[in-house]
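User: Please take a close look at one part of this model, the largest pocket. I would like to know what surrounds that space and how the strands beside it are put together.

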Amino acid sequence: MPGSASPPPAAPTARGASRNQAAQGQSAPQSTSAKRKEAVKLNQTLTIAKRIGRGRLGVVYAAVHSVLARRFAVKVLRPSLTRSETIQSRLRHMIREASQVDHPAICSLVDFGQLPDKRFYITMDFVRGIQLSQVLERDGKLESERALGLLSQLSEALAAAHRL
């Protein structure tokens with residue numbers, strides 16, 4: 001759920017987690033008074049602040065880079081996406097390709113890595129905004145001019161991705 005501060009399970013330096021819990025992909029025990037308000041270091045420079053979304057591929061967290069003092073989004077992919085070496089190799093290739101796309105309507109990928117439990121995480125620019133599904137829920141059917149503008153942006157972004 002957006003806003004929840006629960007860190008990705010098995011984050012490398014999750015405070016309070018035993019080595020055994022981390023090895024099994026479990027997160028540190030949560031206090032009953034608060035749902036994980038403390039920050040969790042993902043790596044040497046990124047600190048997970050809170051969970052901001054969940055989708056088919058995994059969970060997205062807001063993170064802060066300690067050196068750049070800049071916010072990023074970190075997507076931790078589902079374990080099923082990294083079960084085999086073949087899938088991991090394909091995923092690395094896809095992430096490398098996606099990081100080459102440069103278009104204002106496409107979020108830039110800036111880094112990726114693996115957690116101790118072998119799940120991949122992808123670090124990308126943090127973009128504030130509202131999802132199209134939320135716009136449709138709030139506003140209902142879009143006016144033709146607005147819909148065409150969005151479709152134009154989408155088609156230009158797809159064209160940029162396919163130029164690689």
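Analyst:
**The largest pocket and its strands**

The largest pocket holds about 1,900 Å³ of space; the model it comes from is predicted. Its lining is made up of 46 residues, and those nearest the centre are Lys75, Cys107, Met124, Val127 and Gln131. Two or more lining residues come from each of strands E2 (46-54), E3 (58-65), E4 (70-77) and E6 (120-125), and from each of helices H2 (85-98), H3 (132-139) and H4 (144-162). Sorted by class, the lining has 29 nonpolar residues, 8 polar and 9 charged.

Lys75 is a useful place to start on the strands. This residue lies in E4, where it stands opposite Val60. E3 and E4 are antiparallel and share 8 bridges. Lys75 also has a bridge partner in E6, namely Ile122. E4 and E6 run antiparallel as well, joined by 5 bridges.

The turns deserve a look too. E3 and E4 form a hairpin with 4 residues between them. Ala69 sits in that loop and has a positive phi of about 50 degrees, although it is not a glycine. Ala69 is exposed, because its relative accessible area is 67% and the cut-off is over 50%.

Lys118 also has a positive phi, near 80 degrees, and is not a glycine. Lys118 is placed in the loop between strand E5 (109-114) and E6. With 49% relative accessibility, Lys118 counts as partly exposed.

Key
Residues are numbered from 1 along each chain as its sequence is written. This is a predicted model: local features need pLDDT of at least 70, side-chain atom pairs count only at pLDDT 80 or more; totals for chains, interfaces and linings use all residues. Side-chain values use heavy atoms; hydrogens and water are left out. On a 1 Å grid over the protein atoms alone, a cavity is a set of points where a 1.4 Å probe fits but cannot get out, and a pocket is an open set with protein on both sides within 12 Å along at least five of seven lines; lining residues have an atom within 4 Å of a point. Grid points are joined across faces, edges and corners, and a volume is the space filled by probe spheres set on the points. Ala, Val, Leu, Ile, Met, Phe, Trp, Tyr, Cys and Pro count as nonpolar, Asp, Glu, Lys and Arg as charged, and the others, Gly among them, as polar. Two strands pair if DSSP finds at least two bridges between them. Buried means under 20% relative accessible area, exposed over 50%, partly exposed in between (1.4 Å probe, protein chains only).
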